[in-house]
Amino acid sequence: MKNIAILVPETAVIEAVADPRYLFTALNEFLKSQEREPLFNVQLVGLTPEVRLNDGIFSIHVDAVLKMARKPDLIIVPAVSGDMEHAVRLNKDFLPWIVKQYKEGTEVASLCLGAFLLAASGLLDGKPCSTHWLLANQFRTMYPDVELCDDKIVTEHNGLYTSGGANSYWNLLLYLTEKYAGREMAILASKFFVLDIDRNSQSPFSIFKGQKIHNDADIVKVQEFIETNYQDKITVDELCEKFGIARRTFERRFKEGDQ
């Protein structure tokens, strides 16, 4: 049996908690229908017995608080919502436990913006990672030592898994299904949940945002002008004239703003 610990952090996206639980319990039912033994023990694990989400609209009663959770083979870190720095602070008590379990052989998978929480543990430093394309720039600012792969649906490195934006976490769940239960079960799950099993890039769904987290207001205006008028042929000289910046100065400031 594989022990799956699905964390229930404060400000969690409820679907990112419910969906992996649904998947792994459904896999057990698929196996039973084939007269095979179920493969997964699934626990919802929280810092408190009850976690209230979406301003109290939803309430999740966990199976175990952190100190009572069984030793996991896989930890699922679901997406969190709202302000990412605040979400990390609220859930900082998960981090030592995640690190300890990983060092003892447990694999860890983050879903979408759950990468912010996993990265806060330090386990992703120097490693590839994916998250929602919308917050890629903020992720780079908060975690400059992590190798962010904007376009990837799934990344894997030494038992650490991450997924891209929103519902692309289903592709990571299918990936883990194939690893733990085999290709046949992954295909069956993809058909049952009506999922594209081979999608590997989130680029078609992203909107170019550029790197605007810098203090040069003039260069931000230039970037916004380029993004608004991308279909036109725009030269550097035209931009310099339009925004009243000498070309040499413009090139230096634009490069500095893009770092």
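**Exercise 1.** In this predicted model, determine which residue meets the side chain of R247 in a salt bridge, and where the two partners lie.

*Solution.* Step 1: the side chains of R247 and D237 form a salt bridge, with an N to O distance of 2.9 Å. Step 2: the pair links distant parts of the chain, R247 belonging to helix α10 (residues 247-257) and D237 to helix α9 (residues 236-243), 10 residues apart. Step 3: R247 has a relative accessible area of 40% and is partly exposed; D237, at 47% relative accessibility, is also partly exposed.

**Exercise 2.** Classify E107 and K179 as buried, partly exposed or exposed, given that buried means under 20% relative accessible area and exposed over 50%, and state what their pairing ties together.

*Solution.* Step 1: a salt bridge joins E107 to K179, and their closest N and O atoms are 2.6 Å apart. Step 2: because E107 lies in strand β7 and K179 in helix α6 (residues 169-181), the pair ties together parts that are 72 residues apart in sequence. Step 3: the relative accessible area of E107 is 13%, so this residue is buried. Step 4: K179 has a value of 41% and is therefore partly exposed.

**Exercise 3.** Identify the network of salt bridges that includes K71, and describe the pair formed by E104 and K71.

*Solution.* Step 1: the network links K71, K100 and E104. Step 2: within the pair, the E104 and K71 side chains meet at 3.1 Å, N to O. Step 3: E104 is in the loop between α3 (94-103) and β7 (107-110), whereas K71 is in the loop between β5 (64-65) and β6 (74-77), 33 residues apart. Step 4: E104 is partly exposed at 45% relative accessibility, and K71 is partly exposed at 37%.

Note on methods: Residues numbered from 1 in each chain as written. Predicted model: local features only at pLDDT ≥ 70, side-chain atom pairs only at ≥ 80, totals over all residues. Heavy atoms only, no water. Salt bridge = Lys/Arg side-chain N within 4 Å of Asp/Glu carboxyl O. Helix = DSSP H or I, 4+ residues; strand = E, 2+ residues; numbered from the N terminus. Buried < 20%, exposed > 50% of the residue type's maximum accessible area, 1.4 Å probe, protein only.
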